Amino acid sequence: MDIQSLITTPVQNWIAAHPVVAWIVEHPIWTIGLIVLGIFLFWGLLKAIASLSEKIWLALLAAPLKLGRWLFQLGFSLFRISSSTPTADPPPQTDNQTQLIALLNKLEALKQEQDEIVKEIKAILAIEN
């Protein structure tokens, strides 16, 4: 046996036992493309993890401030409710309120007219039957 066969035979046997390595050796351009794609995917995953981590930390650091603002608003609204003095006078009606009252009156009149028409229709149908 010569030296070349002593070196190539174990390498060939190992490549035959590992078909993925054989494919990588036989297709170097595809291998480079897949490696670059894997690097970009891994880089995107790292960026997503970093962004998520940043959002979590910002939410944790902002939580006490939001809680304090909520408590302050709650206390202020309670103070405003307790400090207001009740009056016996009804609030003055605005144009919207008077317009709403007029519209409700019109609706009531139309409802009464509708009821009268329904009674007349029933009377006519009762006469025909």
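Is Thr 31 buried or exposed? In this predicted model, Thr 31 is buried, because its relative accessible area is 12%, and buried means under 20%. The residue offers a starting point for a walk through the structure.

The setting comes first. The protein chain contains four helices and zero strands, and from the N terminus on its elements run α-α-α-α. Of the 129 residues of the protein chain, 2% count as buried. The accessible surface of the chain amounts to about 12,300 Å², and carbon and sulfur atoms account for 71% of that surface.

Thr 31 itself is found in helix H3. When neighbours within four places in sequence are left aside, Thr 31 is in contact with Trp 23 and Ile 24. With Ile 24 there is also a polar approach: a polar atom of the Thr 31 side chain lies 3.4 Å from the backbone oxygen of Ile 24.

The two residues that Thr 31 touches, Trp 23 and Ile 24, lead to a feature of the surface. Together with Val 20, Trp 30, Leu 34, Leu 37 and Leu 41, Trp 23 and Ile 24 form a nonpolar patch. The accessible area of these residues together is about 750 Å². Helix H2, which covers residues 19-26, and helix H3, which covers residues 28-83, each supply at least two residues of the patch. The largest share, four residues, comes from H3. One of the patch residues, Leu 34, has its place in helix H3. Leu 34 counts as partly exposed because its relative accessibility is 46%, a value between the limits of 20% for buried and 50% for exposed.

Helix H3 also holds a pair of aromatic rings. A search of the whole structure finds one aromatic pair. Phe 72 and Phe 76 form this pair, which is stacked, with 6.5 Å from centre to centre and 15° between the planes. Why are Phe 72 and Phe 76 separated by about one helical turn? The reason is that they stand four residues apart in helix H3. The two partners are classed separately by accessibility. Phe 72 counts as exposed because its relative accessibility is 61%, and the class begins over 50%. Phe 76, with a relative accessible area of 48%, is therefore partly exposed.

The last stop is helix H4, which spans residues 95-128. The structure holds one salt bridge, and it is Lys 111 that forms a salt bridge with Asp 115. The closest N and O atoms of Lys 111 and Asp 115 are 3.4 Å apart. Both residues lie in helix H4, four residues apart, which is about one turn of the helix. How accessible are the partners, beginning with Lys 111? Lys 111 has a relative accessibility of 43% and so counts as partly exposed. Asp 115 also counts as partly exposed, because its relative accessibility is 34%.

In review, the path began at Thr 31, a buried residue of helix H3, and passed to the nonpolar patch to which helices H2 and H3 each contribute. It then followed H3 to the stacked rings of Phe 72 and Phe 76, and ended in helix H4 with Lys 111 and Asp 115.

Note on methods
Residues are numbered from 1 along each chain as its sequence is written. This is a predicted model: local features need pLDDT of at least 70, side-chain atom pairs count only at pLDDT 80 or more; totals for chains, interfaces and linings use all residues. Side-chain values use heavy atoms; hydrogens and water are left out. Patches are made of residues with over 30% relative accessible area and no salt bridge: like charges are joined within 9 Å, nonpolar side chains (Val, Leu, Ile, Met, Phe, Trp, Tyr) within 5 Å. Accessible areas come from the Shrake-Rupley method with a 1.4 Å probe; for residues, only the protein chains shown count as cover. A salt bridge is a side-chain nitrogen of Lys or Arg within 4 Å of a carboxyl oxygen of Asp or Glu. Buried means under 20% relative accessible area, exposed over 50%, partly exposed in between (1.4 Å probe, protein chains only). Rings of Phe, Tyr and Trp (its six-membered ring) pair if their centres lie within 6.5 Å; planes under 30 degrees apart count as stacked, over 60 as edge-to-face and the rest as tilted. A polar contact is a pair of N or O atoms within 3.5 Å; within protein, one must be able to donate a hydrogen and the other to accept it, and residues adjacent in sequence count only if both atoms are side-chain atoms. Contact means heavy atoms within 4.5 Å.
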